[in-house]
Amino acid sequence: QGGHCPPPLIAMAEFARWQWEDGIWKDFAEQFQAEMETAFQTREKDTFILEISPTLAFRIDLRNMTQTTTKGNNQGYERRIRRKTRRIEAGYFLLGYEGEITASDCNLDKIKAVPVLEALNLVLHKVMYEDEISVPLADDAFRETLGKSKPAERYLMERGFEMHKEGQSRFLVCLDADADRLKAASEEVTAYLKKLRGTSETCNVESNVVGNEDSSDDLIDNPLPSIFGESSSPSWTLTSPVESTENPQALSGGYPTGLPGTPSASEGVFVFGAEPPATSNNEVPEQTQASGRTEQPAPRRRGRGRGRRGRGFAELDESAAGGQGRGPGRGRASQNGRMRGQRSNNMELSPAVFDDSPTRTELPKRDSEERSIVEESNNVASPSNAFALPEGPLSTPVSSYSYSATPTAASAGLRTPSTSSMSRLSIVLVVPSLAKESALELPDGATLEYLLDHAKEVSGFRLPVPQMQGKDLGLAAEPGTTLQQIAKLKPGNRIEIRDFEATFIEKLQSGLIRLQDLALVAPLLDWEKPELTKILLGRLQSLLDGSCSAWCAAAECKVEEELSYGRALLRRQYGSLELEERLAVCRRLLPNPLRDINRVEFKTVLHVDRSKLLVSALEALSKLDAAKLRNNLVIDFKGETAEDHGGPRREFFGSLGPRLVSDLPALWRRLPRGAVVPFPDLAAESTPKEARGGLEDVRDIYRSFGRACGLAAKYGEVIGEEIAGFFLHQVARDDTVGLEELQKQLSETDGDDFRATNQPLSRPVQETGLSSQTLSRVISGTKHEVDLVPGGKNVTVTEENKEEWLLLHLHHKLYGSLQKAADNFREGLLDVFGGSRRTCPLLVLLTPAELARLWAGSAVSDEELQRWQDLSSVSSEVRQQADWLFEILHEGDEELRSRVLKFATGATRLSHNGVKTFEIQPKDGEDKSLPGAMTCANMLQLPRYSTKAALAEQLKKAIENCDGFQIL
């Protein structure tokens, strides 16, 4: 016991990517990568069937490396497939360690010059955001970078680019602008670029790829300046080789000898001793007394000292909580856009963390030309922020893991005795491989980060995994969740600590790494590595769309269990992002649309009648097979000839909400504060068919409306109506709601209600009239009376039970009486996004309040109107008319602005991110001519009116009389 743990052997993984040929090589979708690799590794048979969708399947031949269509169009059509690999050291994936890519046939890994990567990133940005599809390699920005890097050219050509030549000029042209592929490429390049820049900060200019036959394809004759500005880093100084045979492994960079591309001891090591760039502030910033957070973040510094690195997160609630947790680091902490780490002020740090002294790094021998390029091109500073951990106890969880349909006073937290936030629980950490045990005092609110931090200290393992029989400790990876919530620990409980590193690499290589495995060690992994996020998102997508059964059987796991761990990882990795970024993650996890053999997406056409828009839409949506919701939705208004390129669809969604109460008055009602909510289940089910617009099943009506809301979220559209927050809370959450929250929800929707005040509890029941009440409730709109407790009709409200009565009464009013409507609405959402209430990405990453705002949209305020005007692109021919238009809108009310917005864009209210693009173009005509619009392009067309009054008159006619689409 307590013996010294020898340094572990360096674990290596062969990380594979599968591709298929379609003129160019394309990656298999992420959800099929693991299935392909599992089949390759196990090799039970040379051929197997890969089910892509219910209508498309391929026979995969691993001997001849081909795929043949067995289901779908062009059956029998054969394509080539291939497997590309990268050999990666385990430390590459671990937070606080530096692992290398030692061998790779990936073109990106063969690029060693930072300017080439910057140019690559610039090209991808121009294609994705500036609609530039042609890259002239003779341009100054690319001549000495992409123009001389064969790996960079091949990397782009693998992602839909083609090389065109005109005389002596060469152009890379993007002919297949697949947004997902380009975004994934940009993320890969960004991560790799960051790694190279980070390497230069510690004077380590060693390549990430060693020993590839064409790994020097991107070498350039002269050192290159950054295309984003000259580097300010000092030049490096080359000293003589250090010759030593005492520690060959140290001379080989820590890798086992004999690996491909591993330098031997006799090759020698070059030592670069220049100082990294100094900064003006190397001290930990002071905290404010109120919050304990840093006023000015410290610059990121990398050193060899051991520091603490944790993970920040924002609670998915109305208020944000600070980061928490600790993890072994290497003297660095960074924000990286989502509070990746937070450091406590009273934490003891190694002097190396903020030390400006030179760092000596040993490197393998290199060709002098390659050294000069990498030395001068890789010196790009990469500053980041470090934040301080707020003092005090760890934050409390957002929600409980149990859901109580009928909460009691105890479960809702009413008058329960408080416990000390400083209480501690004694458990035992057991390391069987070292025959070692260590007692651990767990503070109240201890997290998985806390446990893993101590497990590393006790075991010495780089990647320890905690195991406790019958306990799913990996679920504690979810932000705001404590070990006690998950494991229900008791004094003396024993948790085994095992070295997971070798198993982790083995599972990565076989393609059988589970989300449960990732969750158990999530705080110790470097999630900025694109390979990990690809595994997470790809696996989740396949679990959500039902294409993961074969993989689950091979990995010996269940779909629902994996989705639960996926929920924890989703919230951990993306829960603190901005709303639009979280929505992008949700959309990325949507099931892939069905495509024909030519990769053209199928369309789902929804035929609706404008004269009875809501009823015809719900009826059409109820008849759709769930698989067709994957396809691109096209709206066809009966009797109208417009082609839907976004405008008709936008108007369709925006018109649904305002019709709920008017078209279905027996199913939806408006609350005093303006939000809408379904009628109680019993009341809705008792309505005649005529009162439901002729629709048959109440359950189908609510489910179809849930589908409509899910599709609106998919396309970023609003439905134009606010749905009550308490109803969406029941749709999205399964946590217990206490009395205080119930009163708040009632007040927000119903306004001044006696039950939302403190009067029922502060005044005697005789004064308030509660003495005549019983523990039962009559359902609104019916004569049906339900018991709130068994035999409640016979239990009178007293001083002793009035708090329980108020809790149960409000819970039944806001939740219990609407349970069927909420369940059916949720089913409609899940038809679009997949999963369950606890695992649907939309419900995991967005709060009920955010869902309400997402679907309701917002009116055109003065601020939004000014933003609308500022971003508008106006033709010079109608500049004066455009100025008059916005003057009219600034002078008008919200109703006028809403109508003009609908006329020009199809939407009556703004989405959560407002107007993004808008054009004003000229139109033939004079003062008596009406303006025109192209809603798909957010374009308003104005005749050259001679006066502001003429424009106002014709605009009024247009917005009042134009209802429908036609092709002119």
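# A tour by selection

Start by selecting Glu188 and Lys534, whose side chains form a salt bridge with the closest N and O atoms 2.2 Å apart. Glu188 belongs to helix 5 (residues 179-201) and Lys534 to helix 12 (residues 530-545), so this salt bridge ties together parts that are 346 residues apart in sequence. Both ends are hidden from the surface: Glu188 is buried, and Lys534 is buried too. Keep in mind throughout that the model on screen is predicted.

**Stop 2: helix 12 and its neighbour**

Keep helix 12 selected and add helix 14 (residues 559-574). The two helices pack with their axes 10 Å apart, at an angle of about 135 degrees. Helix 12 is therefore oblique to helix 14; oblique covers the angles left over once those under 35, over 145 and from 65 to 115 degrees have been set aside. The crossing of helix 12 past helix 14 is left-handed.

Now show the side chains where the helices touch. On the helix 12 side, select Thr533, Leu536, Leu537, Arg539, Leu540, Leu543 and Leu544. The residues they meet in helix 14 are Val559, Glu562, Leu563, Gly566, Leu569, Leu570, Gln573 and Tyr574.

**Stop 3: the loop before helix 14**

Step back along the chain to Glu556, in the loop between helix 13 (549-555) and helix 14. Glu556 is not a glycine, yet its phi is positive, at about 60 degrees. Is Glu556 buried or exposed? Its relative accessibility is 69%, so Glu556 counts as exposed, the cut-off for that being over 50%.

**Stop 4: a second loop residue**

Compare Asn938, which sits in the loop between strand 28 (932-934) and strand 29 (939-942). Asn938 also has a positive phi without being a glycine, here about 50 degrees. Its relative accessible area is 12%, which means that Asn938 is buried, as the limit is under 20%.

**Stop 5: more salt bridges**

Across the model, 46 salt bridges are counted. For one of them, select Glu37 and Arg83, whose side chains meet with 2.9 Å from N to O. Glu37 is in helix 1 (residues 30-42) and Arg83 in strand 6, so the pair links distant parts of the chain, 46 residues apart. Glu37 and Arg83 are both buried.

Next select Asp526 and Lys529. Their salt bridge has its closest N and O atoms 2.8 Å apart. Asp526 is buried, as is Lys529. For a group rather than a pair, select Arg610, Glu640, Glu651 and Lys902, which salt bridges with shared partners join into one network.

**Stop 6: strands 4, 5 and 6**

Return to strand 6 (residues 78-89), which holds Arg83, and show strand 4 (residues 56-61) and strand 5 (residues 66-71) with it. Strands 4 and 5 run antiparallel and are joined by five bridges. Strands 5 and 6 are antiparallel as well, with three bridges between them.

Which residue of strand 5 is the bridge partner of Ile60? That partner is Gln67. Gln67 in turn has Arg79 of strand 6 as a bridge partner. Following Ile60, Gln67 and Arg79 thus leads across the three strands.

Then look at the turns. Four residues lie between strand 4 and strand 5 in their hairpin, and Met65 in that turn has a positive phi of about 55 degrees. The hairpin of strands 5 and 6 has six residues between the strands, and Gly72 there takes a positive phi near 115 degrees.

**Stop 7: a four-stranded sheet**

Finally, find the open sheet of four strands in the order 17-16-19-18, where the pairing is mixed. Strand 17 (436-443) and strand 18 (464-467) are the edge strands, each pairing on one side only. On average, neighbouring strands in this sheet are turned by 30 degrees against each other, direction ignored.

Zoom in on strand 16 (residues 424-431) and strand 19 (residues 494-499), which run parallel and are joined by three bridges. Here Val430 stands opposite Glu496 of strand 19.

Last, add helix 8 (residues 448-459). Helix 8 lies across strands 16, 17, 18 and 19, and runs at about 155 degrees to strand 17.

Technical notes
Residues are numbered from 1 along each chain as its sequence is written. This is a predicted model: local features need pLDDT of at least 70, side-chain atom pairs count only at pLDDT 80 or more; totals for chains, interfaces and linings use all residues. Side-chain values use heavy atoms; hydrogens and water are left out. Two strands pair if DSSP finds at least two bridges between them. Axes are lines fitted to C-alpha atoms, for helices over the stretch in contact, and angles run from 0 to 180 degrees between N-to-C directions. Contact means heavy atoms within 4.5 Å. A salt bridge is a side-chain nitrogen of Lys or Arg within 4 Å of a carboxyl oxygen of Asp or Glu. Buried means under 20% relative accessible area, exposed over 50%, partly exposed in between (1.4 Å probe, protein chains only). A crossing is left-handed if the near helix is turned anticlockwise from the far one by less than a right angle, and right-handed if clockwise.
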